[in-house]
Amino acid sequence: MKTWEDVACKAKELYGAASRKVADVADLAKQKLKMAENEKAITATMEALGRLLYDSRHAATELDESIVGELVKQVDDLLAANEELQANIDNSCGKKTCPACGNVNPSDAAYCNNCGKKLD
Ligand SMILES: [Zn+2]
């Protein structure tokens with residue numbers, strides 16, 4: 001049976017891999033992949049928190065508040081990173097790039113705001 005230490009360790013590993021700078025991630029596919037990685041790390045961290053609580057209740061020992069705090073912060077960081085990634089994805093989705101001049105126009109634009117070319 002896995003102890004919470006194993007699970008917490010695994011969660012930290014995933015967190016380390018997942019917490020690379022969001023700014024490093026440019027294209028959409030990579031951003032989506034990054035979000036999936038973050039989700040995995042969130043799940044692992046939640047599991048570690050659950051096992052921590054279980055072990056503490058089961059063995060009637062004190063919950064280690066510093067570890068709980070660390071894991072909760074980890075989940076907060078990952079959720080924030082995913083919000084940022086989702087915002088990036090939302091911003092890039094549906095925008096129309098002008099085939100003539102390359103200007104990025106709002107999704108509802110019928111004509112390019114820069115050169116006036118008709119957009120599909
Ligand atoms: Zn244009």
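**Helix α2 and its surroundings**

Trainee: Is Arg 51 buried or exposed?
Mentor: This is a predicted model. Arg 51 has 20 other C-beta atoms within 10 Å. The cut-off for burial is 20 or more such atoms, so Arg 51 counts as buried.

Trainee: In which helix does Arg 51 lie, and which residues of that helix are buried?
Mentor: Arg 51 lies in helix α2. The buried residues of α2 include Arg 51 itself. The list for α2 in full is Met 35, Asn 38, Ala 41, Ile 42, Ala 44, Thr 45, Ala 48, Leu 49, Arg 51 and Leu 52.

Trainee: Leaving aside neighbours within four places in sequence, which residues are in contact with Arg 51?
Mentor: One partner can be given with a C-alpha distance: Val 7 is 44 residues away along the chain, and its C-alpha atom is separated from that of Arg 51 by 7.9 Å. With neighbours within four places set aside, the contacts of Arg 51 are Trp 4 and Val 7.

Trainee: What is the C-alpha separation of Tyr 54 and Trp 4?
Mentor: Tyr 54 is placed in helix α2. Along the chain, Tyr 54 and Trp 4 are 50 residues apart. Their C-alpha atoms are separated by 8.8 Å.

Trainee: Is Tyr 54 buried or exposed?
Mentor: Within 10 Å, Tyr 54 has 11 other C-beta atoms. A residue with 12 or fewer is exposed, so Tyr 54 is classed as exposed.

Trainee: Which residues of the largest nonpolar core touch the most other members, and which elements give two or more residues to this core?
Mentor: The largest nonpolar core has 15 residues, of which Val 7, Ala 8, Ala 11, Ala 41, Ala 44 and Ala 48 touch the most other members. The elements that give two or more residues to this core are α1 (4-18), α2 and α3 (65-92).

Trainee: Which residues are in contact with Ala 44, apart from neighbours within four places in sequence?
Mentor: Ala 44 is among the buried residues of α2. Ala 44 is also among the core residues that touch the most other members. Setting aside neighbours within four places, its contacts are Val 7, Lys 10, Ala 11 and Leu 14.

Trainee: What span does helix α2 reach from its first C-alpha to its last?
Mentor: Helix α2 covers residues 28-58, which is 31 residues. At 1.5 Å a residue, 45 Å is expected. The model comes close to that, at 44 Å.

Trainee: Which residue follows α2 with a positive phi?
Mentor: Most residues other than glycine have a negative phi. The residue in question is not a glycine, yet its phi is positive, about 50°. Its place is in the loop between α2 and α3, and with 6 C-beta neighbours inside 10 Å it counts as exposed. The residue is Ala 60.

Trainee: Which element has the highest confidence in the chain?
Mentor: The chain averages a pLDDT of 84, and 88% of the residues score at least 70. Confidence is lowest in α1, at a mean of 74. The highest mean, 93, belongs to α2.

Trainee: What pattern does the chain follow along the sequence?
Mentor: The secondary structure comes to 3 helices and 2 strands. Read along the sequence, the pattern is α-α-α-β-β.

Methods. Residues are numbered from 1 along each chain as its sequence is written. This is a predicted model: local features need pLDDT of at least 70, side-chain atom pairs count only at pLDDT 80 or more; totals for chains, interfaces and linings use all residues. Helices (H or I, at least four residues) and strands (E, at least two) are DSSP runs, numbered from the N terminus. The expected span of a helix is 1.5 Å times one less than its number of residues. A nonpolar core is a set of buried Ala, Val, Leu, Ile, Met, Phe, Trp, Tyr and Cys residues joined through C-beta atoms within 7 Å. Two residues are in contact if their C-beta atoms, placed from the backbone, lie within 7 Å. pLDDT is the predictor's confidence in each residue, from 0 to 100.
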